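Me: I'd like to talk through how the domains of this protein meet. Could you show me the structure to begin with?

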Amino acid sequence: MDIAENSALFPTYAKHPITLIRGDGSRLWDEQGKEYLDFMSGLAVCNLGHVPRKVKQRVQEQLEQVWHISNLFRIPNQEELAQMLTVHSCADLVFFCNSGAEANEAAIKCARRYHQRVLKNGRFEIITFEKSFHGRTLATLTATGQDKVKDGFFPLPEGFLYARYNDIESVKDTITEQTAAVMLELVQGEGGVYPADREFVTQLFALCKKHGLILIVDEVQTGLGRTGKLFAYEHYGIEPDIITLAKGLASGFPIGAMMGKKVLRDAFSVGSHASTFGGAPLAAIAGLATMEILLKERLFERAEEMGAYAIQKLLDQLHHYSVVQSIRGVGLLIGIECVKPVAPIIKELHRYGLLVLPGGSHVIRFMPNLYVTKEEIDRAVDIISIVLTKIAQAASVE
Ligand SMILES: *Cc1c(COP(=O)(O)O)cnc(C)c1O
């Protein structure tokens, strides 16, 4: 595309030819003033919608005070956010960084160091899953169970093995004497919105206990209300040893968090891990304000209710289109699986003012903010119907 060719940016993104310059709640506007209904939320980042007023106010107050303080000093916002995250989860300790990949990188380092320095057993292997997505650093792209993210980046770090998702026998076959941890998403988001089976997760939890493996749950996309619970692991009645967060944590300010159980405390001694920007005052206040609103307004319950409404609406209105293969999801993380690649459909949806994302090549991801209304869901589903009808008619004419 000519836009990319004239740009001083590395061409790492297939950029849509839309320039969004203003946002408010579920709505975004481009340079021409055209309005869009946002059902991707900056990739599950803007869970409170665009420019949430209460977060904005707290960030503005912080902007007047101080912007950055080194982690070599105490940062009250950061400590308060850590406190809030641990009170409302099964974790006891938090390490702050700046992204999902960094949170997963910290999780991998924590699990390895726990085995190597605390238990002194030298274990290092991490089992992850096919179709998973854990980030783009060398370790996290190696953890990712998709070949396309690895192409051209060899050699990759050692010690990552892949099992089949929702297949406990495959995990058992992959465990060795060197296995340190198992890492998974409870709904595979980038891979195409595949939820983990309850029985699989229960068995996996027991298997980790039996073999002394650290269970890392990557909640970078599922965390913080999106699936109808504050954390997706709550759907399964398990307690992970490590939980990673990022996307929805600070309404758009870059932040990531690796949360762990008390027993992991000594895995990280002073100087063993660090981040210059991780949990600095601005991102931390944005996280704190976001969490306070989420909890006070119990937005995860709203996500559950609106998610159920959206799934029903999508099923009712889209089931008769031959291009639609299945509709599935948890809370407001919903996938519409199609029988062919969805990129052209998504392009057309943009023209009609609906912003959605693909998940894998054949799935349309539906991820509105947690304040989304029934009217907005109705409008989004109507736009999808219009576009699918148009595409079906065009195909029948050919
Ligand atoms: C987006 C995502 C990541 C990577 O997060 P970044 O902030 O882009 O590094 C990791 N894991 C999951 C499940 C994600 O959805």
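Me: Which residues make up domain 1 and domain 2 of the protein chain?
Reply: Happy to help! This is a predicted model, where local features need pLDDT of at least 70, side-chain atom pairs count only at pLDDT 80 or more, and totals for chains, interfaces and linings use all residues. Residues are numbered from 1 along each chain as its sequence is written, and side-chain values use heavy atoms, with hydrogens and water left out. The bounds come from an automatic or database domain assignment, which gives domain 1 as 3-51 + 298-397 and domain 2 as 53-296.

Me: What is the area buried between domain 1 and domain 2?
Reply: Buried area is the accessible area (1.4 Å probe) that two parts lose on being put together, summed over both. Carbon and sulfur atoms give 59% of the area here, and the total is about 2,400 Å².

Me: Which three residues supply 25% of the area that domain 1 buries against domain 2?
Reply: No other three residues of domain 1 supply more of that area. They are Phe300, Val330 and Leu333.

Me: Which residue forms a salt bridge with Arg365?
Reply: A salt bridge takes a side-chain nitrogen of Lys or Arg within 4 Å of a carboxyl oxygen of Asp or Glu. Across the interface of domain 1 and domain 2, the rule finds one salt bridge. For Arg365, the closest N and O atoms are 3.0 Å apart, and the partner is Glu190.
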